[in-house]
Amino acid sequence: MPNKTYELNLEAAGSWAKKYFHASRALMESVLRPYDLGNTQWYVLNLLANDGPINQRVLTRTLDIERATLSGVISALVRKGLIQQISHPDDQRQKVLKITTAGRKLWATLPDPIELIAAVAFDGVDAEEIATTNRILREATQRLINYKKKANKS
């Protein structure tokens, strides 16, 4: 009996999603390399520049990365003088991250790699098709996340 996944060609959709991820990540890395920034460093600066000081624990959840990974990223940004890591006024164990003046200056000069990726990848694609693609991928991702949560509870 044929596998329905292959009949619907969902394997190809997953393969293309992975290829898109890798291609967009490579483009983002090439855009940020001259500024001595990595992808996650850019995301941290983006959040701090646009949303103000953020609790480090919240940032871990927002970026959906491991604490150890974020710690390395934060250490690099602190060492570069782009962000500050300060103790939370109510709980000294909690750390709050804040962009520095040097970080704001750099941020003002950075090209937006996400904007570039979208412009290149979706040039000439109808806005309705983009909206449909976004909806399908968002819903499919959420179903996978929910499935994994359910499976882990069992």
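## Salt bridges within helices

Which side chain meets that of Arg-25 in a salt bridge? In this predicted model, the partner of Arg-25 is Glu-29, and the salt bridge between the two side chains has an N to O distance of 3.3 Å. Both residues belong to helix α2, which covers residues 10-32, and because they are 4 residues apart in that helix, about one helical turn separates them. Arg-25 has a relative accessible area of 40% and is therefore partly exposed, while Glu-29, with a relative accessibility of 31%, also counts as partly exposed.

A salt bridge in helix α8 joins Glu-139 to Arg-135, with 3.4 Å between the closest N and O atoms. Helix α8 runs over residues 127-153, and here too the partners, Glu-139 and Arg-135, are 4 residues apart, so that about one helical turn lies between them. Glu-139 is partly exposed at a relative accessible area of 33%, and Arg-135 is likewise partly exposed, its relative accessibility being 37%.

## A salt bridge between distant parts of the chain

The side chains of Lys-80 and Asp-36 also meet in a salt bridge, for which the N to O distance is 3.6 Å. This pair links distant parts of the chain, since Lys-80 lies in the loop between α5 (67-79) and β2 (83-87), whereas Asp-36 lies in the loop between α2 and α3 (39-51), and the two residues are 44 residues apart. Lys-80 is partly exposed, with a relative accessible area of 32%, but Asp-36 reaches 53% and is exposed, because the cut-off for that class is over 50%. With this pair included, the count of salt bridges comes to 3.

## The largest pocket

The largest pocket holds about 1200 Å³ of space. Its lining is made up of 28 residues, and those that lie nearest the centre of the pocket are Ala-17, Tyr-20, Phe-21, Ser-24 and Leu-137. At least two lining residues come from each of α2, α3, α7 (113-121) and α8, and the largest share, 11 residues, is supplied by α2. Sorted by class, the lining of the largest pocket contains 16 nonpolar, 7 polar and 5 charged residues.

How far apart are the C-alpha atoms of Lys-148 and Ala-17? The separation is 19 Å, for two residues that stand 131 residues apart along the chain. Ala-17 is one of the residues nearest the centre of the largest pocket, while Lys-148 is found in helix α8 and, at 55% relative accessibility, counts as exposed.

## The second largest pocket

The second largest pocket has a volume of about 190 Å³. The residues that line this pocket are Asn-55, Gln-56, Arg-57, Thr-60, Arg-67, Leu-70, Ser-71, Arg-93, Gln-94 and Lys-95. Two elements, α4 (56-63) and α5, each give two or more residues to this lining. By class, the lining of the second largest pocket divides into 1 nonpolar, 5 polar and 4 charged residues.

Terms used:
Residues numbered from 1 in each chain as written. Predicted model: local features only at pLDDT ≥ 70, side-chain atom pairs only at ≥ 80, totals over all residues. Heavy atoms only, no water. Salt bridge = Lys/Arg side-chain N within 4 Å of Asp/Glu carboxyl O. Buried < 20%, exposed > 50% of the residue type's maximum accessible area, 1.4 Å probe, protein only. 1 Å grid on protein atoms, 1.4 Å probe; cavity = no way out; pocket = protein on both sides within 12 Å on 5 of 7 lines; lining within 4 Å. Points joined across faces, edges and corners; volume = space filled by probe spheres on them. Nonpolar A, V, L, I, M, F, W, Y, C, P; charged D, E, K, R; others polar.
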